[in-house]
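Here's a quick briefing to read with the model open beside you. It goes topic by topic, so feel free to jump around.

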Amino acid sequence: YTLADACANPKNRELVVKSKTLSCVMRAVCTDDVAPKVLSAGLALVEIVVSHRDPAHVAHVCRDSAFLARCLSQCDTYIQSPTLNLEGAQATAHGCSILQTIASGSMEDRPPVVDTAVMKLVDPVQRLLHLCSALVARSVVDERLLTSLLMQSTVGALANLAQHPDLRLAFAARPPGIDGAARSGFVCRCLIDLLRIPIECSLEWATVCGSALAALCNACLEQPPVLDALRQSDAVGVLLDALMRDTHVLTEVVAVRAAALLARMAQDKAAMEAMSDVSVLAKLVAVWAAEGASDGVQDGLIRVIAAALETPKHIVAFVSGSGLEAAARVYRAALGANGGKGPLPRASALGNLGSALIVVAGPTQAKLQDRLLAAGLPDLLVQVLQRAPDGPVRKNTAVALARMARHPPCRELLKAGRGMEILMSLGKSMV
C-alpha cells in the first residue's frame, strides 16, 4: 500500500513499470497461495498505475492475460465467500476498477493490445452482472454495499464493457440455474432493479445508477435481443417511475440517462407499443412538460412522445398534460440561446418536437386551436423557420406550421406577420 500511494507521483509510476516492480507484483497476485492483504495491496498498486490512463502503462498490464483473468476471478471468489470480509471486498473493488479502466473506450492513443485483452476475457459481462446481483442480495445485511466502491467499480466496468459491440449481446443472456439450465428472466435485470431500491440519494448512489443506465444504453445499441430483454424486464415502467420521483441535483445524470434509455427502447416495436398506451404517454408528457425539466430529459423523452402520438386520445393526453405550453418554452429557450444569434441548439429535439406538432396540429377542434394560439406556437414556429437551416428541423416545423395555417384563427395571425410569406417561399413540397 505504501508503494501504491507513492505511485500518485508520475515519476514513481514510471519507475515502478520500468524497474519491473509492477510485473513482479502482478505475478505475485496470480499465485494460488497469495495472502489476502498482499492480493488487495497488489491490485491497489496496479489500479493506481492504470487509473492515470498512460497508454504505455495500460498496455503493459493488458499484455498479462493471467493477471486480468485474476482480476475477474476475484469477483467469483468474493461471491462464493461466506462472509462479508473487508479485504475481499477491497481486492474485488480494485480488480473491477482495473477492468473498468482497460475497457474504457475514451482512452487517448488506445493501444490495440488493450482491445485484444478485453475480448480475451471469459464471460466478463455475465460474471460482473452476477457480482452486482450478489451485492444487492447482501445489501439486506449491510446496505452500505449498495454505494460502496465495489458496487461503483462493478457497474462502471459493465458500462465500459458495453461499449464493445461484441460484448453487448451478453446483456440479453438468461441466468444459469443450479443444474446449468437457463432460468427465466435476464441477467441485465439486476441493473434495472437498482432503480427500484428505496435508498437515500447520495453522490455514490447516483454514480451507481448512472453507470447502470449507461451500461444498458450502450448494450442495447443495435441489439434487438437486448431491447427485448429490457422490455420483458419491465424497464419502461421502472424508468418512468424513477423519472416521476422528485429528483435532487445529484440525480440529474440518472434522469437524463433514464430518458435516453427510453429513447433507445423506442426502437423496439413491442416496447414502443407499451409506451404508446395513453396512460403511459400521459406520464411521459407529465415528466417532459414539468417546470424545470432539464434539456437532457426533454430531449430523450420528446423522441418517444413524437413516436407515440397517433390517435385523438394521444393528442388529448399531450395537450391536457401542458404539452403545448412546454413546447413553447423549449422553442423560446432555443431561440434565445447565444443571444438569439447563430445556429439553433438542440436540433434533434427541435426536429422531434416539430414531428409531434405535425400530429397535434391536424385536428380541427376549436379548443385545440385556441390552445395553440394561447401558447404562442404559430409565431414561435415562424421564428424557427427564419433561423433553421435545411434539414429535419426546418421541414418538420414548416409542415406543422402549414397544418396550423389551415385553421382561420392561426391563418389570420400568420397573415398579419410574415408567416404565410415564409411558408409560400418554401414551396408546396414542404407543405
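Let's start at a glycine: Gly376, sitting just after helix 23, takes a positive phi of about 75 degrees. Keep in mind that this is a predicted model. The chain has 27 helices and zero strands, and its C-alpha atoms fill a box of roughly 85 × 50 × 35 Å along the principal axes. Of the 431 residues, 52% are buried.

**Helix 23, the one before that glycine**

- Helix 23 covers residues 366–374, and its buried residues are Leu368, Gln369 and Leu372.
- Those three span an arc of only 100 degrees around the axis, which means they sit on the same side of helix 23.
- As background, an α-helix has 3.6 residues a turn, so residues three or four places apart point the same way.
- Flip to the other side of helix 23 and you'll find Ala366, Lys367 and Ala374, which are exposed.

**Helix 25, mostly under cover**

- Helix 25 runs over residues 392–404, and its end C-alpha atoms are 18 Å apart, in agreement with the 18 Å that its 13 residues should span at 1.5 Å a residue.
- Ten of the 13 residues in helix 25 are buried, so "mostly covered" is a fair description.
- The buried set in helix 25 includes Arg394, Asn396 and Thr397, along with Val393, Ala398, Val399, Ala400, Leu401, Ala402 and Met404.

**Other backbone spots with positive phi**

- Most residues other than glycine have a negative phi, which is the backdrop for the next two.
- Lys20 has a phi near 70 degrees, a positive value in a residue other than glycine.
- You'll find Lys20 in the loop between helix 2 (10–18) and helix 3 (21–29), and at 59% relative accessibility it counts as exposed.
- Glu222 also shows a positive phi, near 60 degrees, and is likewise not a glycine.
- Glu222 belongs to the loop between helix 13 and helix 14 (224–232), and its 66% relative accessibility makes it exposed.

**The largest pocket**

- How much space lies in the largest pocket? About 470 Å³.
- Its lining is made of 20 residues, and the closest to the centre are Leu129, His130, Ser133, Pro175 and Val187.
- Two elements give two or more residues to that lining: helix 9 (124–138) and helix 12 (189–193).
- Helix 9 supplies the largest share of the lining of the largest pocket, with six residues.
- By class, the lining of the largest pocket splits into nine nonpolar, five polar and six charged residues.

**The second largest pocket**

- About 370 Å³ of space lies in the second largest pocket.
- It has 18 lining residues, with Leu86, Ala89, Ser148, Leu149 and Leu150 nearest its centre.
- Helix 7 (86–103) and helix 10 (149–161) each put at least two residues into the lining of the second largest pocket.
- The top contributor to the lining of the second largest pocket is helix 7, which gives six residues.
- Sorted by class, the lining of the second largest pocket holds eight nonpolar, seven polar and three charged residues.

**Cysteines**

- How many disulfides does the count come to? Zero, with the cut-off set at sulfur atoms within 2.5 Å.
- Cys30 is in no disulfide, and the nearest cysteine sulfur, in Cys71, is 7.8 Å away.
- At 25% relative accessibility, Cys30 counts as partly exposed.
- Why is Cys190 not bonded to Cys132? The Cys132 sulfur is the closest cysteine sulfur to that of Cys190, but at 4.0 Å it is too far for a bond.
- Cys190 is buried, with a relative accessible area of 11%.

**A contact that skips along the sequence**

- Asn218 lies in helix 13 (residues 203–219).
- Asn218 and Ala162 are 56 residues apart in sequence, yet their C-alpha atoms are 5.3 Å apart in space.
- Buried or partly exposed, which is Asn218? At 21% relative accessibility, Asn218 counts as partly exposed, given that buried means under 20%.

Conventions
Residues are numbered from 1 along each chain as its sequence is written. This is a predicted model: local features need pLDDT of at least 70, side-chain atom pairs count only at pLDDT 80 or more; totals for chains, interfaces and linings use all residues. Side-chain values use heavy atoms; hydrogens and water are left out. On a 1 Å grid over the protein atoms alone, a cavity is a set of points where a 1.4 Å probe fits but cannot get out, and a pocket is an open set with protein on both sides within 12 Å along at least five of seven lines; lining residues have an atom within 4 Å of a point. Grid points are joined across faces, edges and corners, and a volume is the space filled by probe spheres set on the points. Helices (H or I, at least four residues) and strands (E, at least two) are DSSP runs, numbered from the N terminus. Ala, Val, Leu, Ile, Met, Phe, Trp, Tyr, Cys and Pro count as nonpolar, Asp, Glu, Lys and Arg as charged, and the others, Gly among them, as polar. Buried means under 20% relative accessible area, exposed over 50%, partly exposed in between (1.4 Å probe, protein chains only). The arc is that of the directions from the helix axis to the C-beta atoms. The expected span of a helix is 1.5 Å times one less than its number of residues.
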